[in-house]
Amino acid sequence: MERWSGRVAVVTGASAGIGAAIAQELVKKGLKVVGLARRVERVQRLNEMKVDNAGEMSPESSTESYPAFAHIGLRENLGKNLNQELEKSLKSAPGKLYSRKCDVTKEEEVKEAFKWVKDNLGGTDILINNAGVASLNSLSGGPVENWRKIYDLNVLALSMCTKEALQSMKEKGVDDGHIIHINSVAGHKVIEQVSMYCSSKHAVTALTEGLRRELVNQKSKIRVTSVSPGAVRTEFGLAAGATPEMLEAYKDIPILESEDVADAVLYVLGTPPHVQIHELMLKPLGSTN
């Protein structure tokens with residue numbers, strides 16, 4: 001990770017959960033991190049408070065598989081864990097966190113955010129496409145508006161941010177940049193009641209390979225990676241509309257923490273420039289899914 005020190009990473013959905021954990025770890029490694037979120041005040045607080053051990057999740061924050069929904073709010077002493085602090089504050093970290101308000105489903109806001117990065121930090125070296133949303137619904141019943149939100153954020157927003165990041169890298173002369181999509185195990189199978197979400201994650205899997213081929217054809221050394229976690233302890237389930245009964249049914253299944261996904265991102269970034277980790281799947285030990 002030493003070669004990334006002082007360089008610029010953009011993290012979407014950085015206000016909570018996996019996005020916040022990734023942003024925090026990158027700052028600790030000496031990077032300048034721009035956290036994009038609609039709730040920018042939550043990103044700002046990451047600079048002022050010690051790091052949450054568990055983090056939170058919102059509809060704009062990171063994505064993971066359907067069984068993860070069950071872990072929201074059911075772990076004993078979860079409230080206590082949410083208030084636990086890590087030993088080091090971001091204030092003492094070698095890097096710096098910048099917060100920018102941005103709804104990544106709006107093209108003009110995305111363009112403005114990346115323009116700010118260029119004007120103030122010189123451009124983008126790393127993009128972590130973490131923002132995502134899910135909802136429990138059927139293909140026969142909808143509602144269609146929920147489907148539209150899933151694709152607007154999980155597919156189109158990811159693609160717009162990728163486009164702007166690549167353009168920034170080319171303008172900056174960066175040929176060792178990295179695009180990381182926080183995908184899901186749902187991008188490699190189909191899970192009942194979240195078929196539309198699964199289809200959006202299958203799209204991310206396809207977009208990862210599509211971009212890899214484009215970059216190869218361009219003889220670019222920019223890398224692209226899909227990181228697909230299984231069940232992660234976040235607020236994602238509540239945001240997706242999981243019922244208390246559903247949460248209760250899954251409360252004892254194996255679970256990952258947001259920091260586990262952040263560690264995977266650090267591993268991917270830390271590999272030598274000639275190594276292309278195309279897909280990295282994480283599952284909690286003992287998972288039967």
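**Note on the parallel sheet and its cysteines**

1. Strands β6 and β7 run parallel and are joined by 4 bridges; two strands count as paired if DSSP finds at least two bridges between them. Within this pair, I128 stands opposite I180 in β7. Helices (H or I, at least four residues) and strands (E, at least two) are DSSP runs, numbered from the N terminus.

2. The model is predicted: local features need pLDDT of at least 70, side-chain atom pairs count only at pLDDT 80 or more, and totals for chains, interfaces and linings use all residues. Residues are numbered from 1 along each chain as its sequence is written, and side-chain values use heavy atoms, with hydrogens and water left out.

3. The sheet is open and holds 7 strands with parallel pairing, in the order β5-β2-β1-β6-β7-β8-β9. The edges are β5 (96-101) and β9 (279-282); each has a single partner strand, so one side of each lacks a neighbour in the sheet. From one strand to the next, the twist averages 15 degrees; axes are lines fitted to C-alpha atoms, for helices over the stretch in contact, and angles run from 0 to 180 degrees between N-to-C directions.

4. At the β5 edge, strand β2 (residues 32-37) runs parallel to β5 and is joined to it by 6 bridges. In this pairing A37 stands opposite K101. Helix α4 (residues 107-121) packs on the sheet and touches β1 (8-12), β2, β5 and β6 (126-129), where contact means heavy atoms within 4.5 Å. The direction of α4 makes about 160 degrees with that of β2.

5. On its other side, β6 pairs with β1: 3 bridges join these parallel strands, and I126 is the bridge partner of A9. I126 and I128 point one way from β6, L127 and N129 the other way, and all are buried (under 20% relative accessible area; exposed is over 50%, partly exposed in between; 1.4 Å probe, protein chains only). In a regular strand the side chains alternate between the two faces of the sheet.

6. Helix α5 (residues 144-172) joins with β6 and β7 in a right-handed β-α-β unit: with the strands pointing away from the viewer, the path from the first strand over the helix to the second runs clockwise. Helix α6 (residues 195-217) lies across β7 (178-182) and β8 (223-229), at about 160 degrees to β8.

7. Why is C161 in no bond with C102? The two sulfurs are 6.3 Å apart, too far for a bond; a disulfide requires a pair of cysteine sulfur atoms within 2.5 Å. The disulfide count is 0. C102 is buried, with a relative accessible area of 2%, and C161 is buried at 1%.
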